[in-house]
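Reader: I am new to this structure and would like to understand how its descriptions are reached. Could you take me through them one by one?

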Amino acid sequence: MEHLYEKLSAYAEGDIYPYHMPGHKRQKWGQLPEAMYRMDITEIEGFDNLHQPEGILMELQKAAAGLYGAEESYYLVNGSTCGILGAVSSTVPFGGHILMARNCHKSAYHAAYLRHLKISYLYPGFLEAYGIWDAVTPEQVYGALEAEPGIQAVLIVSPTYEGRIADISAIAEVAHEKGIPLIVDEAHGAHLGLAEGFPPNSCRAGADLVIHSVHKTLPALTQTALLHVNGKLVSRDRLRRFLHIYQTSSPSYLLMAGIDNALEYVRRQGKTAFGLFRARYEKMLEALSRCRYLKFLPGSSREQDVGKLVVSVRETGITGKKLSDILLNEYHLQTEMSSRDFVLAMFTVNDGEEAYRRMTEALLEIDHRVTGRNADESIPEVSVCSSGEQGREPWKWGFLPEEEAISLWEAWDREAEEVVIEDSVGRYAAEFVSLYPPGVPLLVPGERITEEISREILRDLEAGLTVQGLRAEAGDGFFNGSAFVKVIQA
């Protein structure tokens, strides 16, 4: 099979002069590498067109479908965001009703806003020992669909940002019994199902639409993704229509070559590479089991993704942000994200022995230095609602804001005023407020702001976390307790 990166490389060595875009004319400009410019082209003769593939891009997308077990696959150069927007738009009519996990990425909410959708939420359970949300369960999906028969699609996240994996086969069966398509945001699971010992990907587990960020867990360039489709519940014509809308009309051939290159790497070296990946990760976890206070999620089960090292600080006297700062400033190790309760470090097939050795040694040393929970910097407890508490139905678990009282699309378009966060209690959010990363909203426009969620946001700011969607006043580089949010009247 012909590969895009090989074809681009050969073209770069030829003598054809470009009287076309892009404006750099395949010549070095500034400080960027010459090879990058020489391989950056537009839709010219022999290189196909992503919006109507008939040649090499069509064959590469077919190969991607074969690798993941999908009926059709689409290259995405606008990231998983584009895939989620297209998936939601193509399955739920304008003004329709979607069942969505409350821990979905902000792009899912953007799709609901654009399509004026009614949203019903699934609230995942909470793993108290680690301070993270769990995956959605089949029982939760079943309960919600039984209670609200007008739902037209189900959207969940698996693996979650922290690596929790849902039972996709069972959830797909529940959705399909109702004749409803299942969309799985599997952005963090592009590596699943590609080697022995890893959980199956959602395509093979029965999902109708699956979105993969190739760049997150495979050796590909940032912004590359895939959208897979299966079954008869999704109109392929509508899906392609919305991909034309959300996907750039000038797709980068460098990014598409990156997808091709990553998938070919899996085909040729995947068995060996994934085997080493798993073995090294499990060896690291075994070594880290000697820690006294730092705790780690097991990484070798069907419920937890290999490669997502969740380091809980709940039994220590420091916050996750403090641990992340120590790792960066003292050990020169940059983690994926931190919260008050944990730090997340990601490992992939491209990590060598040194990556595991440095992280293992650093965490063992830090664990030896930290004290127990009752130290001066003790971590605030997180309030968690159990099944059925506070009037919630059994399938709506977790500490999260109240259900939206005003529709997302209506609330986000209203005139808003800015108030100090303490005065926002009882008012309705006018903007998304999110911890970034991962970009899951703490508040969605239209949700009523409770005293509990306002305190939660203030604690995140005080811990030095990045909270988007509000204005926080700082003094000497630190949050000084004044935060302002935009609100609307009911």
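Reader: Which residue stands opposite L155 in β6?

Author: M100 stands opposite L155 in β6. Before going on, please note that this is a predicted model, in which local features need pLDDT of at least 70 and side-chain atom pairs count only at pLDDT 80 or more, while totals for chains, interfaces and linings use all residues. Residues are numbered from 1 along each chain as its sequence is written, and side-chain values use heavy atoms, with hydrogens and water left out.

Reader: What makes β2 and β6 a pair?

Author: Two strands pair if DSSP finds at least two bridges between them, and strands themselves are DSSP runs of E with at least two residues, just as helices are runs of H or I with at least four, numbered from the N terminus. Strand β2 (residues 97–101) and β6 are joined over 3 bridges in the parallel sense, so they meet the definition of a pair. With β7, strand β6 shares 4 bridges, again running parallel, and there the bridge partner of L155 is I183.

Reader: Why is the crossover from β6 through α7 to β7 called right-handed?

Author: The word applies if, with the strands pointing away from the viewer, the path from the first strand over the helix to the second runs clockwise. The chain crosses from β6 through α7 to β7, and this β-α-β crossover is right-handed.

Reader: Why is β6 described as largely enclosed?

Author: A residue is buried under 20% relative accessible area, exposed over 50%, and partly exposed in between, with a 1.4 Å probe and protein chains only. In β6, 5 of the 5 residues are buried, so the strand is largely enclosed by the rest of the structure. Both of its faces are covered, with A153, L155 and V157 buried on one side and V154 and I156 buried on the other. As a general rule, side chains in a regular strand alternate between the two faces of the sheet.

Reader: How do you know that the buried residues of α7 line one face of the helix?

Author: In helix α7 (residues 168–177), the residues I168, I171, A172, V174 and A175 are buried. Seen down the axis of α7, these buried residues fall within an arc of 160°, taken from the directions from the helix axis to the C-beta atoms, so they line one face. On the other side of α7, E173 and E177 are exposed. The cover over the buried residues includes α6 (138–147), β6 (153–157) and β7 (182–185).

Reader: Why does S107 count as buried, and what makes its link to H105 a polar contact?

Author: S107, found in helix α5 (residues 106–114), has 1% relative accessibility, which is under the limit of 20%, so it counts as buried. A polar contact is a pair of N or O atoms within 3.5 Å; within protein, one must be able to donate a hydrogen and the other to accept it, and residues adjacent in sequence count only if both atoms are side-chain atoms. The side chains of S107 and H105 make such a contact at 3.0 Å. Leaving aside neighbours within four places in sequence, S107 is in contact (heavy atoms within 4.5 Å) with T81, I84 and L85.

Reader: Why is H228 called buried?

Author: H228, in strand β9 (residues 225–229), has a relative accessible area of 0%, and therefore falls under the cut-off for buried. Its side chain makes a polar contact with the side chain of S73 at 2.6 Å.

Reader: What makes Q223 and H332 worth pointing out?

Author: In general, most residues other than glycine have a negative phi, and most peptide bonds are trans. Phi of Q223, however, is near 95°, a positive value in a residue other than glycine, and H332 has a positive phi of about 60° although it is not a glycine. Q223 lies in the loop between α8 (214–217) and β9 and, with a relative accessible area of 40%, is partly exposed. H332 lies in the loop between α11 and β12, and at 62% relative accessibility it counts as exposed.

Reader: Which peptide bonds are cis?

Author: Among them are the bond from Y436 to P437, with omega near -10°, and the bond from P437 to P438, with omega near 10°. P437 is placed in the loop between β16 and β17, and the place of P438 is in the loop between β16 and β17 as well.
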